[in-house]
Amino acid sequence: MAPKRTPKKLLQACRTCHKVLEADKTVCPECQGNALTTEWFGYLVIIDSRHSDVAKKMNIEYNGRYALKVR
């Protein structure tokens, strides 16, 4: 018997700051924007934004999950 698969969580990204959020959110907690979309690509997790070269290059100030490309 095959193991049961858990359903995928639907995620969305903020078009302003690229923060990745759960689909039930209507406002981005980081930038307070409401331009959220499910059309995004790439996944980036920032653990220490103060010392991360990638975070500096993408202008990310806070730790969290971010999309690399947002449409």
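Two residues are in contact when heavy atoms of theirs lie within 4.5 Å. Keep that in mind as you explore this predicted model.

**Stop 1: the whole chain**

Show everything as a cartoon. You should find 1 helix and 5 strands. Follow the chain from its start, and the elements come in the order β-β-β-β-α-β. If you draw a box around the C-alpha atoms along the principal axes, it comes to roughly 50 × 25 × 20 Å.

Now think about contacts between residues at least 6 apart in sequence: 40% of these join residues at least 24 apart.

**Stop 2: the surface**

Switch on the surface view. About 5,700 Å² is exposed, and carbon and sulfur atoms supply 53% of that area. What share of the 71 residues counts as buried? The figure is 31%.

Next, colour the charged side chains. There are 13 positive and 7 negative ones, and the centres of these two sets lie 8 Å apart.

**Stop 3: the annotated domain**

Select residues 11-71. An unreviewed UniProt entry lists this stretch as "domain: Spt4/RpoE2 zinc finger". Over residues 11-71, the chain is 8% helix and 38% strand. Look at the two ends of this selection as well: their C-alpha atoms are 14 Å apart.

**Stop 4: four cysteines**

Select Cys14, Cys17, Cys28 and Cys31, and show their side chains. The unreviewed UniProt entry lists these four under "binding site". Why can we say that they gather at one spot? They span 18 residues in sequence, but no two of their C-alpha atoms are more than 8.7 Å apart, so they come together in one place.

**Stop 5: zoom in on Cys14**

Centre the view on Cys14, which sits in strand β1, residues 11-14. Is Cys14 buried or exposed? Cys14 is buried, with a relative accessible area of 0%. Leaving aside neighbours within four places in sequence, Cys14 is in contact with Lys19, Cys28, Cys31, Ala35, Leu36 and Val70. Cys28 and Cys31 on that list are also in the "binding site" set from the UniProt entry.

**Stop 6: move on to Cys17**

Now step along to Cys17. Where is Cys17 placed? Cys17 lies in the loop between β1 and β2, with β2 covering residues 20-22. Its relative accessibility is 17%, and residues under 20% count as buried, so Cys17 is buried.

Finish by showing what surrounds Cys17. Again leaving aside neighbours within four places in sequence, Cys17 is in contact with Cys28, Glu30, Cys31 and Tyr66.

How values were computed: Residues are numbered from 1 along each chain as its sequence is written. This is a predicted model: local features need pLDDT of at least 70, side-chain atom pairs count only at pLDDT 80 or more; totals for chains, interfaces and linings use all residues. Side-chain values use heavy atoms; hydrogens and water are left out. UniProt positions are given in the numbering used here, feature names are shortened, and annotations may be inferred rather than shown by experiment. Helices (H or I, at least four residues) and strands (E, at least two) are DSSP runs, numbered from the N terminus. Buried means under 20% relative accessible area, exposed over 50%, partly exposed in between (1.4 Å probe, protein chains only). Accessible areas come from the Shrake-Rupley method with a 1.4 Å probe; for residues, only the protein chains shown count as cover. Lys and Arg count as positive and Asp and Glu as negative; His and the chain ends are not counted. The place of a charge is taken as NZ of Lys, CZ of Arg, CG of Asp or CD of Glu.
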